Amino acid sequence: APAGNEADAPPAREWPANADGWSIGKPDVVLTFGEKYFVKDDVEDQYITFFSTITDEMMPTPRYLKAVEFRPGSSVVHHIIAQPLGGIAPGNDPRVFEDGFGMYLAPNTEVSWQMHYHKEPGPGTGVWDLSSVALKFYPEGYVPEHEVLNEGMGKFDFVIPPNDPRYTAKTTAKFDRDAILLGYTPHMHVRGTYAKYVAHYPDGTQEVLLEVPKYDFNWQTHYTYPAGGKKVPAGTEIELEMAWNNSSSNPANPDPNIEIRFGEPTTAEMMFGFVSYADAEVGYKADEQKRGLLSTNRIREMVKQHLGLDWDTLTPAQKTEIMDKMRKMRQQQRPQQGAD
């Protein structure tokens with residue numbers, strides 16, 4: 001469009017000095033997943049997990065995160081899930097926690113980078129990637145009133161019939177303590193059309209928390225509350241409902257004539273409704289389960305039990321190889337459409 005009157009324009013934005021392009025300002029730590037990785041020419045969808053550690057040199061004492069910003073290292077990065085730091089998908093903004101809220105991080109935390117690469121396969125389409133994440137801490141020794149936690153509501157056993165214009169599925173999660181809701185991120189793939197979060201309160205009433213009537217796979221927004229969040233009592237159950245359009249009326253649908261199940265490739269489907277929250281009690285300290293660290297401990301136990309190996313002595317490359325084998329085993333055990 002033609003430019004308007006310059007006199008009516010807002011002031012030019014002032015970017016933080018020495019921030020190296022990070023929108024959260026100068027980070028305290030920048031972490032990558034290790035060495036550059038080449039996404040080969042024949043790849044259309046690829047999932048691979050890398051491992052890196054926030055060392056004592058980077059962070060010698062426990063700290064609370066004020067902000068987290070991911071930076072994809074190439075154009076073929078579809079999404080990143082980097083436990084326990086969070087992740088990024090198309091449309092996501094950096095996470096900046098309001099004052100009094102922060103995410104706990106311990107020294108020597110191992111970060112698992114689940115990378116999803118997606119591109120058109122073909123000669124000359126391969127690219128190198130080295131994605132990174134910037135961390136900005138509260139001052140050393142500062143403890144926020146509330147620790148930020150995340151719950152990943154999901155469902156894996158849905159089966160979407162061919163040519164179904166509105167298949168729906170539901171799942172629920174319940175809070176066992178008073179909580180403060182901070183935000184939501186619904187996640188589906190190209191057939192996803194609709195998402196709704198509903199709170200069912202202990203007194204029998206209910207309330208729509210978030211309704212996304214036109215979900216867009218290419219713009220997966222994290223919806224946040226104003227300062228202070230929304231308080232809900234113990235016993236509140238969150239119901240997540242999602243819908244998909246597996247018909248020819250969906251222009252993004254690669255094939256309306258096939259049955260669709262849960263799967264990792266973009267051409268399969270997913271159902272996740274992430275909830276960001278905090279315990280309502282000031283100074284509450286979460287356990288490993290609520291911090292999402294038990295999954296790493298389970299991996300350690302499985303590797304020790306089935307392979308006789310000590311996870312902590314393995315190199316990042318060896319860990320990546322083991323995780324790739326485990327993923328392929330899960331795919332063989334669970335029927336899914338379009339598994340690579």
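How much area does the protein chain expose, and what share of it do carbon and sulfur atoms supply? The protein chain exposes about 17,700 Å², and carbon and sulfur atoms supply 51% of that area (accessible areas come from the Shrake-Rupley method with a 1.4 Å probe, and for residues only the protein chains shown count as cover).

Before you start clicking, note that this is a predicted model, in which local features need pLDDT of at least 70 and side-chain atom pairs count only at pLDDT 80 or more, while totals for chains, interfaces and linings use all residues. Residues are numbered from 1 along each chain as its sequence is written, and side-chain values use heavy atoms, with hydrogens and water left out.

**Stop 1: the whole chain**

Show the chain as a cartoon. You will be looking at two helices and 22 strands (DSSP runs numbered from the N terminus: helices are H or I with at least four residues, strands are E with at least two). The C-alpha atoms fill a box of roughly 55 × 55 × 50 Å along the principal axes. Of the 340 residues, 46% count as buried; buried means under 20% relative accessible area, exposed means over 50%, and partly exposed lies in between (1.4 Å probe, protein chains only).

**Stop 2: Arg177**

Now select Arg177 and Asp279. They form a salt bridge, with the closest N and O atoms 2.6 Å apart (a salt bridge is a side-chain nitrogen of Lys or Arg within 4 Å of a carboxyl oxygen of Asp or Glu). This pair links distant parts of the chain: Arg177 sits in the loop between β14 (164-174) and β15 (179-187), Asp279 belongs to strand β22 (residues 272-279), and 102 residues separate them. Is each partner buried or exposed? Arg177 is partly exposed because its relative accessibility is 29%, whereas Asp279 is buried at 8%.

Keep Arg177 selected and add Glu281. These two side chains also meet in a salt bridge (2.6 Å, N to O). Glu281 lies in the loop between β22 and α1 (294-307) and Arg177 in the loop between β14 and β15, so this pair ties together parts 104 residues apart in sequence. Glu281 is partly exposed, with a relative accessible area of 44%.

**Stop 3: Arg261 and Glu259**

Next, select Arg261 and Glu259, whose side chains meet in a salt bridge (3.4 Å, N to O). Arg261 is partly exposed at 28% relative accessibility, and Glu259 is partly exposed at 39%. Salt bridges that share partners join Arg177, Asp279 and Glu281 into one network.
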